[in-house]
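Me: I am in my first year and would like to take a close look at one part of this structure, namely the surroundings of the ligand. Please go through it slowly, and add a few words on the rest of the chain afterwards.

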Amino acid sequence: MTRRVYNFNPGPAVLPQEVLEIVQKELLDYRGTGMSILESSHRAAEYTEINDQAIALAREIFGLTDDYHILFMTGGASSQFAYIPLNFLNGKTGAYIDTGSWANKAAKEAKIVGKAHICYSGKEGGYKHIPTQTELDIPAGAAYLHMTTNNTIYGTQFQYIPDSKGLPLIADMSSDIASRVLDFKKFDMIYAGAQKNIGPAGATLVMLKDSLLKTAKQDLPTMFKYGTYADEKSLYNTPPVFAVYVVKLVFEWIKKMGGIAAIEKVNCAKKERVYQIMDLYPDYYRGHCDRESRSWMNINLRLPSEDLEKKFISEAKAQGFIGLKGHRSVGGVRVSAYNALPLEGIDKLVAFMETFKKNN
Ligand code: PMP
């Protein structure tokens with residue numbers, strides 16, 4: 001028997017078991033080709049089909065129209081931090097909402113390329129708060145407005161789509177992509193490293209509106225231009241074949257589950273159950289952030305002492321709950337409840353939290 005734990009890793013993270021079973025089944029002989037997809041040419045018909053299907057599924061799942069380019073890139077979300085200003089600043093200023101370490105890193109890269117304006121910064125306050133629309137200082141004439149929808153490290157998440165005041169809106173959705181229903185068409189660009197909600201590390205999904213792409217700087221090295229990926233369906237050079245294949249399988253899984261709306265229902269139940277026990281014992285399980293800023297995906301909590309936190313994490317691990325240690329910059333416990341984490345895992349964790357509090 002294969003042993004599977006409840007995987008609360010912040011990323012790379014849990015994948016749907018069904019998807020892993022398909023990968024296992026197809027690994028040695030991909031659909032009668034007599035070879036693994038890992039060994040296949042990216043120009044082979046098999047991969048062309050995977051790429052085309054992944055693109056079509058993304059369009060369908062996110063409800064995007066044909067004027068969005070769906071790209072599969074490499075270099076993680078961190079490379080997008082640089083690609084964005086390289087392509088879109090064009091001598092203008094990039095406007096950034098600084099709600100956490102990743103948002104801050106994105107702005108830093110823009111400052112290397114050109115100018116960045118910080119519309120709001122939660123840094124001094126320990127990144128506990130998501131700004132309301134009125135707290136945003138959005139400059140007129142900027143090249144774009146950049147936001148991070150979910151702050152993986154601090155466990156905060158936008159619960160609304162900001163009004164960008166006419167600027168193209170760009171979102172890093174690395175840690176909450178496909179987790180809840182949004183009007184994705186409100187974004188001119190969405191990007192995400194695949195390794196939390198939609199696949200393994202190695203592929204970065206970029207969904208880019210043609211009107212924004214048309215503004216991109218042209219005199220850039222080939223591999224640094226979004227246009228190269230858009231023109232060649234991400235096949236100018238060798239794409240991360242295996243990662244895209246798994247992303248396609250995860251998209252098929254999302255569709256089979258009933259789409260993002262159905263996934264959202266489960267995610268909502270998961271976060272409600274964890275926040276419920278935190279709210280029941282607010283002096284024992286203390287949340288890191290403002291209530292209104294709470295994330296559905298990454299739930300940060302502190303216990304009364306660091307010793308208790310260590311004990312919690314180690315006893316949880318012994319019971320098969322893996323990956324609960326908080327990020328070093330926040331400490332405590334972080335419950336990452338991505339799409340593929342079953343509701344049952346949360347129920348068992350909540351029962352563990354109840355017992356742990358009683359005994360400690
Ligand atoms: N943005 C967010 C919100 C993230 O959570 C992460 C990774 N945890 C990154 C960007 C960086 O992603 P990558 O490691 O793919 O560069």
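Reply: What follows begins with the ligand and its neighbours and then turns to a sheet and two spots in the backbone.

Please keep in mind from the start that this is a predicted model, and that every value below is computed from it.

The shell around the ligand holds 13 residues, and the ones that come nearest are S78, T152, D172, Q195 and K196. If you sort the residues of this shell by character, you find three nonpolar, eight polar and two charged ones. Among the elements of the chain, helix α3, which runs over residues 76–88, gives the most to the shell, with four residues.

It helps to look next at individual pairs of atoms, taking one side chain at a time. In T152, a polar side-chain atom lies 2.4 Å from an oxygen atom of the ligand. D172 faces another kind of atom, for a polar atom of the D172 side chain is placed 2.6 Å from a nitrogen atom of the ligand. In W102, a polar side-chain atom lies 3.5 Å from an oxygen atom of the ligand, and 3.5 Å is also the cut-off within which a pair of N or O atoms is counted as a polar contact. As for the ligand as a whole, it has 400 Å² of accessible area on its own, and the protein covers 85% of that area. The space that the ligand takes is the second largest pocket.

Away from the ligand, you can follow an open sheet of three strands, whose order is β11-β12-β14 and whose pairing is antiparallel. Its edge strands, which pair on one side only, are β11 (286–287) and β14 (333–336). Strand β12, made of residues 298–302, is joined to β14 over four bridges in the antiparallel sense, and L301 stands opposite V333 of β14.

Two spots in the backbone also deserve a careful look. Most peptide bonds are trans, and most residues other than glycine have a negative phi. The bond that joins G11 and P12, however, is a cis peptide bond, with omega at about -10 degrees, and P12 belongs to the loop between β1 (6–7) and α1 (17–26). K165, a residue other than glycine, has a positive phi near 55 degrees, and K165 is found in the loop between β7 (156–157) and β8 (169–172).

Notes: Residues numbered from 1 in each chain as written. Predicted model: local features only at pLDDT ≥ 70, side-chain atom pairs only at ≥ 80, totals over all residues. Heavy atoms only, no water. Near = heavy atom within 4 Å. Polar contact = N/O pair within 3.5 Å; in protein donor to acceptor, adjacent residues only side chain to side chain. Areas by Shrake-Rupley, 256 points an atom, 1.4 Å probe, with all protein chains shown as cover. 1 Å grid on protein atoms, 1.4 Å probe; cavity = no way out; pocket = protein on both sides within 12 Å on 5 of 7 lines; lining within 4 Å. Sits in = over half its atoms within 2 Å of the grid points. Helix = DSSP H or I, 4+ residues; strand = E, 2+ residues; numbered from the N terminus. Nonpolar A, V, L, I, M, F, W, Y, C, P; charged D, E, K, R; others polar. Pairing = 2+ DSSP bridges.
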